[in-house]
Amino acid sequence: MYTGRLIRNIRMGIKTLLLHKLRSALTMLGVVFGVGSVIAMLSVGEGASQQALEQIRKLGSTNILIHSTRPTDEQTDGQRRRISIFGLHYDDDLRIRESFPDVLRTVPVKQIPMEGRLGSRSLDLRIVATTSDWFDLVPRRIIAGRTLNASDDDQRRNVVVLTEHGARRLLATASTVGETIRLGGNAFRVVGIIRNEEAVGGAQIPDSRIDAYIPLEVGKERFGDIILRRSAGQTERELVELHSIIVEVRSVDAVERTAEAIERMLSTWHPRGDYEMNVPLALLRQAEEQQRIWNWTLGSVAGISLLVGGIGIMNIMLASVTERTREIGIRRAIGARKRQIVAQFLIETVVLAALGGLIGILLGPLLAVVIREFSGIPTIVPAYAVILSVGISMVVGIVFGLYPAARAANLDPIQALRHE
Amino acid sequence: MTRLLNPPEAEPATSQPAPGAAIELDDVRKVYLMGNERVNALAGVTLRIPRAGYWAIMGPSGSGKSTMLNLLGCLDRPTSGRYLLAGQDVSRLDDDQLSGIRLQKLGFVFQSFNLIAQLSVQENIELPLQYLGWEPGRAKDRAAELASLVGLADRLNHRPRELSGGQQQRVAIARSLANDPEVILADEPTGNLDSVTSRQIMELLTRLHGEGKTIILVTHERDIAAYSRTQLHMKDGLVDSIEGEQ
C-alpha cells in the first residue's frame, strides 16, 4: 500500500512536470550534460589508463630495457669520424648477469639492418641476433614452426624466425616454414614465424614487424660488430657490440632497486652516457600518477557542469514553489503535513534529475565514441562511471530539491491561501 | 431525495445525535504584533456551536471574522484560551497535529474555490483521501460517489478550468465532504458567483445541514446569511450578538 502511494506520487510528479514540457526539458538538460560529461571524461581516463597498462604489459613489468645510444658529444661534432664506437658491450651483459642477485637472466641483442632475399623478392629487414630467452621475455604468438632454442645458439645454426609481416612479403605465404632465405649473402633456414606487437601511442616496444631473429653467436660470426649505414650519399660506420640488453628481475618489488644499481654500475663503465635505460614499471607508475591527475581534472570539470545542472534545477524549483504557493496552501489546508509537501516537491526534482541522468547515461558513451573518432584518444566506458552517474544525479536531485521543498513546506498556509 | 452523505462506515457517528458541542471556545484571544503595536484580533471569545449547527459569522472587515475562521479551521493557534473541536482540545497542538486535525475533522470551502488546476475533478475530490492514505481504488470510488452527489458525475475527468464557477464550487464542496468532516467551514462560498448560482450552492449547503452536518459560513451578505439558522455578529474582535437557534 505504501509503494502504491509512492507510485501515485511519482505519477503525479511526472504529470506536473509534463504541464511545462519545455521548461522541464530545459531544466533537465543541465543534468543530461553533467552526467554525460562525467561518463565521457571517465571513459577518456579509463581508456588512457588501459592503454598505458597495455603498453607496460608489452614491455613486461619485471623487465628493464637498456639500449645503446649514440653519445651526445658525437652528435654535435661537425666533423664526422670515420667510425663511431659506442654502446653496450658484451661484458656489460656479463656483468649485469653476474653481479646482481635479483637479476634472473639477461637477453643481449644485436641489431643489424640487412636485406633479406628469396628468389626475386627482397625486403629490408632488421636482424635481431639474440638468445632463445628473448622469446620468454618478449612473449609473442607463434604463427608457425618454433622460436629459437638453446641448441640453435650452441650449434650456431643458420636459422631465422620471421615475423608474420616479413614472412608474407618474403615467403608469399604466411605459414611456409623450412624455406631458405638469404641474409646479406648467407643462407638461413626459416624455422618459425611469430606475430609481433605493433607499437601503440609512442610506446617503446622491443620488437618491430621487420625483425628477423637469428642466434646471437651466428650474428656475431656472420656480421661482426661493424654496421654500415648509408645516408645522404655518405657511408657511415658504427661499431656497436650490443644494441640492447633486456634484464629480467626476480620480482616487481626488486625492479626499481635493481635498475638503480645497474644504472650506477653502467655509469662508471660508460662515462659518455652512450646508453639509455627504460624501466617499464617506472613508466607505469608515472603513467598512473599522470592518469590520476588527469582523472581529477576531467572529473572536476565534468562535476562542475553537473553542479551547474543542479543549480538550474534548484532555480526552476524555487520558481515553481512561488508559482504554486496557492496550491501548497490548499494542500496544507486540506491536511497535508509539512513532510508531505517536502516529499511532493522532492519527488519532482528527483524525477527531473533521474530522467536527466538516464538520458545522460545514453549520451555519455555516445560522447565517448565521438571523442575517440575525432581525437583518436581511446575511450572505454567503465561500469562504475555509469553507476556513479546514476547515484550522482539522484543526489543532485535530492540536494538541490531539498531547499525549494523545505521552502514550500514552511510557507504559512494562511498566507499561501491568500496568495494570488 | 437521496441522502448526500455518510459512507456506511461513518453512519454511527451521526445517526445518534451526540449531545456535545462541535465547537467550544473559552476566552479565546489572538494577538498579532504589527511592528511594535499589539493588535487584539480576537479579544476574548467564548462560544459554543452545537453539533449539526448551521451558523453564519458576520461582521465588517477588521471585526476579527477572518482570524476566527483561521482559528476554527485549525490553520492558526490562539494566543490564549481554549478551543475544543468535537471535544478535543486543539489549542496547543503543533503543526503536524493540526494538519492531522484538519485532515480528519474539517472540510474547507473557499470563496475562490481553490481547486488545483492541474488535477482532474476526480483527483481534486480525492486529495484529502490521498493524504488519509486511502488505497487508490477505494478513493476513486468515493470520489465518483461524491461527484454524483453534487451532480457532477459526468465531469470527473474534466479540469477545473473547463467548468463554470458554480460547478467548481460544487467540486470544492464534494472535496470538503471526502473525509466526512465534523465541521464544514465555508469562507464567502458565493463571493465569486452570480445570484442564481449562489442560490444553488446555498441550497446544496442547506441540504448538507439537513443531513446533520455542522456548517459554519463566513459572509458579509445578509441574504446568504439568511440560509443559516444562527447568525453571529462580530465587532472589534468580540462577539457582538447572536441571533437565531443556539
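**Strands, faces and a chain contact**

Trainee: In E7 of chain B, B:Ile184 is the residue that stands opposite B:Gly107. Where does this come from, an experiment or a prediction?

Mentor: From a prediction: this is a predicted model.

Trainee: What makes strand E6 (residues 106-109) of chain B and E7(B) a pair?

Mentor: Pairing needs at least two bridges between the strands. E6(B) and E7(B) have four, in the parallel sense, so by that definition they pair. Besides B:Gly107 and B:Ile184, B:Leu106 stands opposite B:Val183 in E7(B).

Trainee: Which way does E7(B) pair with strand E8 (residues 214-218) of chain B, parallel or antiparallel?

Mentor: Parallel, over five bridges. One partnership joins B:Leu185 to B:Ile216 in E8(B).

Trainee: Why is E7(B) called largely enclosed by the rest of the structure?

Mentor: A residue is buried if 20 or more other C-beta atoms lie within 10 Å of its own. Five of the five residues of strand E7 (residues 183-187) of chain B are buried, so the strand is largely enclosed. Its two faces are both covered, with B:Val183, B:Leu185 and B:Asp187 buried on one side and B:Ile184 and B:Ala186 buried on the other. E6(B) has two covered faces as well: B:Leu106 and B:Phe108 are buried on one side, B:Gly107 and B:Val109 on the other.

Trainee: What makes the β-α-β unit of E7(B), helix H7 (residues 195-210) of chain B and E8(B) right-handed?

Mentor: With the strands pointing away from the viewer, a clockwise path over the helix is called right-handed. The unit of E7(B), H7(B) and E8(B) is right-handed, so its path runs clockwise in that view.

Trainee: Now the open sheet of chain B. Why do strand E2 (37-50) and strand E5 (88-89) of chain B stand at the edges?

Mentor: The order is E2-E1-E4-E5, with antiparallel pairing. E2(B) and E5(B) each have a single partner strand, so one side of each is left without a neighbour in the sheet. Inside that order, five bridges join strand E1 (residues 21-34) to strand E4 (residues 80-85) of chain B, and B:Glu24 has B:Leu84 as its bridge partner in E4(B). Helix H2 (residues 65-72) of chain B lies across E1, E2 and E4 of chain B, at about 125° to E1(B).

Trainee: How do you know that chain A touches chain B, and how many residues of each are in contact?

Mentor: Contact means C-beta atoms within 7 Å. By that test, 18 residues of chain A are in contact with 19 residues of chain B. H1(A) gives the most to the chain A side, with six residues. By class, that side has eight nonpolar, four polar and six charged residues.

Note on methods. Residues numbered from 1 in each chain as written. Chains lettered and ligands numbered in written order. Predicted model: local features only at pLDDT ≥ 70, side-chain atom pairs only at ≥ 80, totals over all residues. Contact = placed C-beta atoms within 7 Å. Nonpolar A, V, L, I, M, F, W, Y, C, P; charged D, E, K, R; others polar. Buried ≥ 20, exposed ≤ 12 C-beta atoms within 10 Å, placed from the backbone. Axes fitted to C-alpha atoms, helices over the stretch in contact; angles between N-to-C directions.
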